[in-house]
Amino acid sequence: MNTLINTLRDTLGAAHVLTHEDPTTDLSAWEQDWRKRSHGRALAVVRPGNTAEVAAVVRTCAAAGTSIVPQGGNTGLVVGSVPDDSGTQVVLSLTRLNAVRVIDTANLTMTVEAGCILQSLQETAEKAGFLFPLSLAAEGSCTLGGNLATNAGGTQVVRYGNTRDLCLGLEVVTAQGEVWHGLSGLRKDNTGYDLRNLFIGSEGTLGVITAATMKLYPLPAAQLTAWAAVPSLEAAVALLGLAHQHLGAGLTGFEVMGQFALSLVDRHFKQLRVPLWDTAPYCVLLENSDSESEAHARAQVERLLEVALEQGVVTDAVVAESLGQAHQLWHIRESIPLAQSEEGLNIKHDISIPVSSVPAFCAETDALLQREIPGVRLVNFGHLGDGNLHYNVQAPATGVYAGDPQAFLLEQEDRVNTLVFDAVARHHGSISAEHGVGSLKAAKLPHYKDAVALGLMRVIKQALDPQKTLNPGRVLP
Ligand SMILES: Cc1cc2nc3c(=O)[nH]c(=O)nc-3n(C[C@H](O)[C@H](O)[C@H](O)COP(=O)(O)OP(=O)(O)OC[C@H]3O[C@@H](n4cnc5c(N)ncnc54)[C@H](O)[C@@H]3O)c2cc1C
């Protein structure tokens, strides 16, 4: 192993190869996942500064038979970016690859490196007069490489699609340490298999993404946010239909939040002043991005809410008066996961269902869970515009699990997961909408994924990484 570490130090410089040899070096930031579900032990954390160095690291590790765990911001939620506890894996951190290579304003693209922090890319685009629409609560820490590797979703998918839909080209280091120069800014290229889309969403198991060419959009003239109380999930789905009809491509966000989820924000972050949460079982947050003017955006949203109130699919609503107020409303939505953590550990699900089936799925699964674990609390919220729910299950407030969420997780997690995932399957949904598979859901995949699809995935992994150098055990068990 010393030979491997020495070769890596020769390649990258000693400062960029961190190991446990030096007892004062703390590697926890790279070894511990964001949700603190797993704390592994790395042989080394390496921090290359450019694509050639990434390729050299991969070649060196492959030659030594050492596996690599690619890592960006380490904000992933499915334990995919941290090493196992064997002490034999090398964590390949991409954060030093953070250059903006080219902004091509006529082509509406920017070519940037994989370690760029998402928020800094949004700011870079804005300074150039454009919108980079990928947006998620982890944007201050997650990297574009991680976003691509997980095909991240977020709050603007209803209009702009997942990260996949924003990407036109990739630069990738293969499992053999070769570099695929695929940074085309082409919107049309039918010259064979779509390698770009193979690497996107592969969670570091097929290649290491080092740079990407991403789409830019014109900045909207106005963004108007409204918060509406709805009497049921059926009404929320009906409101979504009306919003598509009235706002067209202007509809850039459509989030649903259950009453219990909002009550947690109200309890733990009183200063955020959650509107309307105690008057309805669900609230909806919707955003209209308009290319004309604020007045036009407001008139459209007011007309939409008027019709929705007439039809009874909205019972009350507030429209943000300023961008500041809009940010406050979005902040409430983004605070739900934190409020939930304040309340205690819970069993998380990131699922998708066809939008039309969301009400039936929730009615059925809510009832099943209540029957199995009386008093169980559901923190249900998510990107309803994409049929994506964060359907999280919190221990009952009273009874054996009161004050002991750890015991709830230990004793009930498997049972609850099976119950929820089986219901997802009955409604033709997916057990991972946007967070990926990682280690956390790898064992579940054979049960819920089409057998032929899974077989093809294994063939692809074998063809691209026969030595299993890249992120072994992730995605495919
Ligand atoms: C508060 C919070 C909110 C979140 N909200 C959302 C949300 O709304 N939507 C959503 O989709 N996700 C969300 N996430 C999950 C997470 O932020 C995303 O999955 C994000 O895309 C991960 O980026 P990262 O740079 O942190 O990747 P990491 O966590 O470092 O890695 C994630 C996976 O990608 C691989 N990987 C990382 N970089 C590369 C690379 N350059 N090449 C190849 N493989 C690589 C890793 O091996 C790992 O398998 C949220 C997370 C948090 C903590």
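**Exercise 1.** Which strands does helix 3 (residues 51-64) lie across, and at what angle to strand 4 does it run?

*Solution.* The structure is a predicted model, in which local features need pLDDT of at least 70, side-chain atom pairs count only at pLDDT 80 or more, and totals for chains, interfaces and linings use all residues. Residues are numbered from 1 along each chain as its sequence is written, and side-chain values use heavy atoms, with hydrogens and water left out.

Step 1. Helices (H or I, at least four residues) and strands (E, at least two) are DSSP runs numbered from the N terminus; contact means heavy atoms within 4.5 Å.

Step 2. Helix 3 lies across strand 2, strand 3 and strand 4. Its course makes about 175° with strand 4, where axes are lines fitted to C-alpha atoms (for helices over the stretch in contact) and angles run from 0 to 180 degrees between N-to-C directions.

**Exercise 2.** Describe the sheet of four strands and the packing of helix 1.

*Solution.* Step 1. The sheet is open, with the order 1-2-4-3 and mixed pairing; two strands pair if DSSP finds at least two bridges between them. Strand 1 (17-18) and strand 3 are the edge strands, each pairing on one side only.

Step 2. Four bridges join strand 2 (residues 42-46) to strand 4 (residues 89-93) in the parallel sense. Within strand 4, Val91 is the residue opposite Val45.

Step 3. Helix 1 (residues 2-12) packs on this sheet and touches strand 1, strand 2 and strand 4. The directions of helix 1 and strand 2 make about 5°.

**Exercise 3.** Describe the sheet of five strands.

*Solution.* Step 1. This open sheet has the order 5-6-10-8-9 and antiparallel pairing. Strand 5 (100-104) and strand 9 (179-182) each have a single partner strand, so one side of each is left without a neighbour in the sheet. From one strand to the next, the twist averages 15°.

Step 2. Strand 8 (residues 167-174) pairs with strand 9 in the antiparallel sense over four bridges. Trp180 in strand 9 stands opposite Val172.

Step 3. Helix 3 also lies across strand 5, strand 8, strand 9 and strand 10, at about 45° to strand 8.

**Exercise 4.** Characterise the surroundings of the ligand.

*Solution.* Step 1. Of the 35 residues around the ligand, Pro70, Gly72, Thr75, Gly76 and Thr143 come nearest; a residue is near if one of its heavy atoms lies within 4 Å.

Step 2. By class, the shell has 13 nonpolar, 20 polar and two charged residues. Nonpolar covers Ala, Val, Leu, Ile, Met, Phe, Trp, Tyr, Cys and Pro, charged covers Asp, Glu, Lys and Arg, and the others, Gly among them, are polar.

Step 3. The largest share of the shell, five residues, comes from helix 5.

Step 4. A polar backbone atom of Gly153 is 2.9 Å from a ligand oxygen atom, and one of Gly80 is 3.2 Å from a ligand oxygen atom.

Methods:
Polar contact = N/O pair within 3.5 Å; in protein donor to acceptor, adjacent residues only side chain to side chain.
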